[in-house]
Amino acid sequence: MLARSSAAAAVAAILAIPCSAGAQVLTQRDVSLPMALAIAQAASAECGVNISVAVVDRAGRLKVFLQGDGAAPHNIELARRKAYTARTFRRTSGEWATRTETVNAGQRLLFDVIPQQGGVPINVGNETIGGVGLSGAPNGGSQEEGCAKAGIAKVADQLK
């Protein structure tokens, strides 16, 4: 009986703590569908018809994917993983690839990341709200990164 009353007293004490202490509604910025589509279309226009473009939101979920008419089938997964890597690590996938050659190499074993150039984070100030990744550009990762940046530049006025 004493154990029951002690447990009841503990529950009553916990319930008496004001819920408002530290409780709040979170407001988060994210990539909208129109923004993701604008980024993907601008990046595709910059790089040509043989590439694939993926845009992920702040949670790393695929928001938009465009596959060019002449794109290889594997480019779908590569573009998505580059975008995810850039979003997750808040830097270009190329910077992350270079960094993890010697430091934190174990991060390369994480699911869905890829140590290749071509992914760029989408930022509002210091906050990363998504990522864009490309695959299949004729000149490889450096061209893909440039096209991803061109896509983000298309919506730069909305990223303030």
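Two strands pair if DSSP finds at least two bridges between them. Strands (E, at least two residues) are DSSP runs, numbered from the N terminus.

This is a predicted model: local features need pLDDT of at least 70, side-chain atom pairs count only at pLDDT 80 or more, and totals for chains, interfaces and linings use all residues. Residues are numbered from 1 along each chain as its sequence is written, and side-chain values use heavy atoms, with hydrogens and water left out.

**Exercise 1.** Find the strands that pair with E1, and name a residue partner in each.

*Solution.*
- Start with E2 (residues 62-67). E1 pairs with E2 in the antiparallel sense, over five bridges. Ala54 has Phe65 as its bridge partner there.
- Check the hairpin of E1 and E2. Five residues lie between the strands, and Gly60 takes a positive phi near 85°.
- Move to E4. Five bridges join E1 and E4, again antiparallel. Val55 stands opposite Val132.

**Exercise 2.** Decide whether E1 is enclosed or open.

*Solution.*
- Apply the cut-off. Buried means under 20% relative accessible area (1.4 Å probe, protein chains only).
- Count. Five of the five residues of E1 (residues 52-56) are buried, so the strand is largely enclosed by the rest of the structure.
- Recall the rule: in a regular strand, side chains alternate between the two faces of the sheet.
- Sort by side. Ser52, Ala54 and Val56 are buried on one side, Val53 and Val55 on the other.

**Exercise 3.** Describe the surroundings of Thr128.

*Solution.*
- Place Thr128: strand E4 (residues 127-135).
- Classify Thr128: buried, because its relative accessibility is 6%.
- List contacts (heavy atoms within 4.5 Å). Leaving out residues up to four places away in sequence, Thr128 touches Arg58, Arg87, Arg90, Pro121, Ile122 and Asn123.

Technical notes. Helices (H or I, at least four residues) and strands (E, at least two) are DSSP runs, numbered from the N terminus. Buried means under 20% relative accessible area, exposed over 50%, partly exposed in between (1.4 Å probe, protein chains only).
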